[in-house]
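Trainee: Could you take me slowly through a single part of this model, the surroundings of the ligand, and explain what is found there?

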Amino acid sequence: MTMLRVDDLHAWYGKSHVLQGVRFSVHPGEIVALLGRNGSGRSTTAKAIMGLLDASGRVDFKGAALMGRKPYEISRMGLGYVPESRDIFPALTVHQNLMLGQKSGAAAGRWGFDDMYQMFPRLRERQHTEAGVLSGGEQQMLTLCRTLMGDPDLIIIDEPTEGLAPQVVEQVAGYLQNLRSRGVSVLLIEQKLTIAMAISDRALVMGHGQIVFEGTPQSLETDAAAVRREWLEV
Ligand SMILES: Nc1ncnc2c1ncn2[C@@H]1O[C@H](COP(=O)(O)OP(=O)(O)O)[C@@H](O)[C@H]1O
Ligand SMILES: [Mg+2]
């Protein structure tokens, strides 16, 4: 079964036709990198999938059609979203933020508080601290953890390494591999080729609102110099 299938996805901001027939799939247990330059349409793709924008086309998640559903409904179906903007409640503590991510009423998911605190010892140290005083990187990790508390089968994570030091980028790569090893699929939106090369099973490149390349990260590196020059390297 395909985890996520996007077909002929279009979206507009006013009269500007930003997504022009986006098409790709994510299979269970895969990390798929969605690469592209700033403004290529990656975040818009994520928002359209999550029901946060008016869009047309077809999006199927675990075999169910998503178009027309509300964002909360989509996340409850098991599609987690970690947006570019750090999406935390600054006046609540770290622990309270995690509680808010828990799936209500459901049986225990695959992640608990201890898993989060083991993965991110820094969050354990700061569990009773107001989230608003955490560093940018810590807030990003808290956003990821809150999403995981909802027990997603797939997460879409938008530029998680933006502005992080190289050492922290490596950590993030490790966390995402950890998610995959526990059965969570990942759609990783990135600008940099490096993290995608290191951990993704497949790479997609977006340009002007369309997928302009799909293949293994190795083939993008060795056979697709023109794609990299035109759509990735600045
Ligand atoms: N809220 C918005 N209103 C109008 N245009 C937008 C808005 N958000 C993004 N855009 C435009 O849509 C295009 C795609 O943006 P985006 O999806 O954010 O790209 P990426 O995430 O790949 O950097 C860009 O031309 C951008 O300027
Ligand atoms: Mg973006």
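Mentor: Sorted by class, the shell around ligand 1 holds two nonpolar, six polar and two charged residues, and please keep in mind as you read that the model is a predicted one. The residues that make up this shell are Y13, V18, R37, N38, G39, S40, G41, R42, S43 and T44, and when you look for the element that supplies the largest share of them, you arrive at helix α1, which spans residues 42–49 and contributes three residues.

Within this shell, it helps to go through the polar contacts one by one, since each of them involves an oxygen atom of ligand 1. At R42, a polar side-chain atom lies 2.8 Å from an oxygen atom of the ligand, while at G41 the partner is a polar backbone atom, with a distance of 3.0 Å to an oxygen atom of ligand 1. At S40, the side chain again provides the polar atom, and here the distance to an oxygen atom of ligand 1 is 3.2 Å. As for how far the protein covers the ligand, ligand 1 taken alone exposes 560 Å², and 57% of that is buried by the protein.

If you follow the list of neighbours once more on the structure, you can place these three contacts among the surrounding residues, which also include Y13, V18 and R37.

Notes. Residues are numbered from 1 along each chain as its sequence is written. Chains are lettered from A and ligands numbered from 1 in the order in which they are written. This is a predicted model: local features need pLDDT of at least 70, side-chain atom pairs count only at pLDDT 80 or more; totals for chains, interfaces and linings use all residues. Side-chain values use heavy atoms; hydrogens and water are left out. A residue is near a molecule or strand if one of its heavy atoms lies within 4 Å of it. A polar contact is a pair of N or O atoms within 3.5 Å; within protein, one must be able to donate a hydrogen and the other to accept it, and residues adjacent in sequence count only if both atoms are side-chain atoms. Accessible areas come from the Shrake-Rupley method with a 1.4 Å probe; for residues, only the protein chains shown count as cover. Helices (H or I, at least four residues) and strands (E, at least two) are DSSP runs, numbered from the N terminus. Ala, Val, Leu, Ile, Met, Phe, Trp, Tyr, Cys and Pro count as nonpolar, Asp, Glu, Lys and Arg as charged, and the others, Gly among them, as polar.
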